[in-house]
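User: Could you take me through one part of this structure in detail? I'd like a close look at the place where the small molecule sits, and at whatever belongs with it.

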Amino acid sequence: MAILRFHAIKESLAYKPVHIEEKERRSELFGKNVFNENTMRQYLTKDAFNGVMNAINLGKKIDRSIADQVSSSMKDWALSKGVTHYTHWFQPLTGATAEKHDAFFETIGGGMAIEKFGGDQLVQQEPDASSFPNGGIRNTFEARGYTAWDPTSPAFIYETTLCIPTIFVAYTGEALDFKTPLLRALNAVDTAATAVCRYFDKNVKKVTSSLGWEQEYFLIDKMLAASRPDIMLTGRTLLGHPAAKGQQLDDHYFGSIPNRALNFMRDLETECMLLGIPVKTRHNEVAPNQFELAPIYEEANLAVDHNSLLMDIMGRVASRHHFKVLFHEKPFIGMNGSGKHNNWSLSTDTGVNLLGPGKTPMSNLQFLTFFINTIKAVYKYEALLRATVASASNDHRLGSSEAPPAIMSVFIGEQLTKVLDELEGVTKGKLSPAEKTELKLNVIGKIPDVLLDNTDRNRTSSFAFTGNKFEFRSVGSTANCGNPMTVLNTIVAKQLQDFKIEVDTLINKKDLKKDEAIFNVLREYIKETKAILFEGNGYGKPWEIEAKKRGLSNNKSTPEALKAKISKESIALFEDMNVMSKVETQARYEIEMEAYSKHIQIEGRVLGDIARNHIVPTAIKYQNILIENVRGLKEIFEEKYHDVSREQVLLIQDISSHIAGINSNVTKMVDERRKANTIEDIEKKALAYCKKVKPLFEDIRYHCDKLELLVDDEIWPLTKYRELLFTR
Ligand code: ADP
Ligand code: MG
């Protein structure tokens with residue numbers, strides 16, 4: 001191992017950056033490898049084109065003859081670009097993307113062959129689904145699932161494969177992926193939001209949910225990463241003493257991007273352009289070797305696909321630049337972790353951002369309606385929202401004073417707080433003409449179309465309003481955005497549905513005018529949801545104490561947080577909104593609970609192995625050198641050897657105590673793991689891993705990291721933090 005470390009360092013130092021040329025303008029590259037509207041216009045007959053567009057815009061079914069035409073044109077387009085294979089591309093609940101390539105090639109007898117791609121193959125495939133997580137939905141003997149074309153996300157070419165975005169469902173209809181419930185949630189929010197929009201504008205026919213994600217990641221030299229079994233197997237360092245210099249000088253954030261990283265980014269961005277992923281922003285993040293990439297926001301389903309695709313491509317492009325990308329939320333102790341802020345908004349087919357203040361009092365009332373309903377949704381379902389970002393790796397981030405805490409709260413800024421305070425005073429029932437005028441002129445009329453203090457600069461809020469969108473900051477960098485986006489859109493849909501019923505009731509039963517009814521309902525919402533609004537510092541004890549008083553949940557670990565997914569209300573919510581059946585909700589809960597235990601189990605095994613088989617033997621080796629030294633000193637100095645070997649003897653003792661510390665804690669950990677493994681109940685098992693196994697990681701790490709400081713650098717087997725984090 002020690003040899004591997006030095007070999008890796010040598011290789012990484014000798015590495016010469018790949019030369020990257022960007023010959024074409026980005027606007028010219030953009031979408032070149034996508035079967036997008038423009039390409040479809042060129043390749044499809046008018047009928048086929050209209051069929052696909054109606055499917056995209058109106059959710060209409062595509063009939064078989066159209067599918068045949070589309071597949072044939074897709075094939076022609078793909079062949080013209082040197083493509084040989086096609087695949088259904090989907091996002092199973094493993095968190096990675098999945099694909100199974102088939103060649104277009106087909107034999108037709110007589111020793112001849114053709115390229116073929118029929119409508120059947122476009123529309124549906126049957127990957128052997130038995131090896132994907134399903135949470136007990138399917139037993140292996142009926143292990144059949146199928147993938148089905150999602151025409152709302154365009155097919156694309158990656159290398160020599162035509163990729164067709166699809167959903168993945170069991171034969172019995174249950175969703176086995178992230179996309180299916182997301183599409184259902186987007187449909188639910190469209191229906192509910194459109195109905196509410198029509199209070200304000202009868203022309204609105206469709207509301208679209210938008211997502212702009214911000215992907216944070218670390219770049220580590222490939223060889224150096226390969227020299228660390230913990231990074232390779234768990235995506236993070238399970239041990240390692242922090243380097244003397246970390247991020248304390250704040251010299252990395254927005255600093256000039258190191259050349260090698262920049263070349264990687266340029267290469268990656270070219271790939272993104274070809275695939276129609278509209279990446280726009282790149283910069284250094286807070287920690288050394290940490291970066292961020294953000295696109296221009298898009299329709300949520302497409303944005304989720306693009307983020308999943310990007311994460312896949314990043315790994316491959318990184319490899320060309322001798323890097324390994326780390327998406328883990330906390331790869332290095334003592335350094336900032338990585339997140340994936342989800343910027344979210346709703347907009348109409350008439351071009352209005354429903355979360356952006358408007359220019360007229362009426363458009364501002366519409367804005368406030370969506371703004372306040374979102375707050376109410378987050379308040380009502382805060383525990384569920386927290387559950388959607390729960391994972392073993394994100395546990396390192398939430399609640400550790402650098403990312404939002406595990407408590408959900410909404411930041412809205414000073415100006416909007418004032419507006420809500422004023423609206424709270426609206427008269428119950430009918431409003432006088434004077435009050436209406438006052439509201440229109442001086443309250444909602446005064447919401448500036450640019451909200452100056454809208455950006456939450458303390459960055460501690462989990463859900464912040466940032467001018468024309470909400471930013472859900474708790475999402476982890478490894479997450480598939482499909483999960484949080486499904487839940488966010490579902491809870492907002494449900495809330496808007498409830499709102500509409502309340503407003504209609506006031507109009508019909510209490511004879512209120514539309515705007516009076518809206519003011520009345522919003523006033524009550526403002527009163528009811530105060531507990532979720534928080535403008536202060538989200539870090540530290542005071543907020544935890546305050547949040548508890550307010551009745552907000554504070555589930556710091558995944559097993560505790562996940563429970564909210566299968567509460568009565570959550571199950572009813574997903575059923576009511578046609579997003580997930582009870583079986584689907586429960587299956588997801590089981591999959592995530594199990595994934596948690598497995599992650600901790602793997603980390604425990606890797607840590608045990610490194611500590612016992614790499615660190616302890618190294619410590620003993622060094623101890624033997626010291627013992628040899630003491631023996632030599634005894635030979636030379638005879639009785640006086642005590643004086644000259646005092647420090648060495650202390651070191652020998654120190655090393656022994658750390659070795660003992662490692663061994664006893666690893667033994668304890670293995671015992672606890674054994675016990676946890678015998679537990680049948682998945683929740684109790686996950687809790688055992690969380691409360692009994694995981695805490696021992698810290699004790700084991702403590703002794704290993706102390707040894708790192710004692711043992712001769714020449715024989716230390718694991719590549720150190722300073723080497724991992726400061727290679728250029
Ligand atoms: P930050 O200050 O957090 O870095 P930016 O203003 O740079 O935020 O935007 C971050 C992300 O938000 C980008 O992906 C951007 O496209 C997205 N975004 C901007 N406006 C909207 C919107 N109305 N809806 C959804 N996402 C948006
Ligand atoms: Mg942001």
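Analyst: Let's start with Tyr 297: one of its polar backbone atoms is 2.9 Å from an oxygen atom of ligand 1. Keep in mind that this is a predicted model. Pro 295 does something similar, with a polar backbone atom 2.7 Å from an oxygen atom of ligand 1. With Ser 345, look at the side chain instead: a polar atom there lies 2.7 Å from a nitrogen atom of ligand 1. On its own, ligand 1 would expose 570 Å², and the protein buries 75% of that.

Now step back to the whole shell. There are 13 residues around ligand 1, and those that come nearest are Pro 295, Tyr 297, Asn 343, Ser 345 and Lys 469. Which strand gives the most to this shell? That's β10, with three residues. Strand β15 (340-348) is also worth finding, since β10 and β15 each supply at least two residues of the shell.

Strand β10 also leads us to the metal, because Glu 214 lies in β10 (residues 207-221). The magnesium ion (ligand 2) takes its protein donors from Glu 214, listed twice through OE, and from Glu 471, also through OE, at 2.1 to 2.6 Å. Glu 471 sits in strand β18 (residues 470-472), so the pair ties together parts that are 257 residues apart in sequence. Are these two glutamates buried or exposed? Both Glu 214 and Glu 471 are buried.

Definitions and conventions
Residues are numbered from 1 along each chain as its sequence is written. Chains are lettered from A and ligands numbered from 1 in the order in which they are written. This is a predicted model: local features need pLDDT of at least 70, side-chain atom pairs count only at pLDDT 80 or more; totals for chains, interfaces and linings use all residues. Side-chain values use heavy atoms; hydrogens and water are left out. Donors are N, O and S atoms within 2.8 Å of the metal (3.2 Å for Na, K and Ca); water is not among the atoms, so sites may look incomplete. Helices (H or I, at least four residues) and strands (E, at least two) are DSSP runs, numbered from the N terminus. Buried means under 20% relative accessible area, exposed over 50%, partly exposed in between (1.4 Å probe, protein chains only). A residue is near a molecule or strand if one of its heavy atoms lies within 4 Å of it. A polar contact is a pair of N or O atoms within 3.5 Å; within protein, one must be able to donate a hydrogen and the other to accept it, and residues adjacent in sequence count only if both atoms are side-chain atoms. Accessible areas come from the Shrake-Rupley method with a 1.4 Å probe; for residues, only the protein chains shown count as cover.
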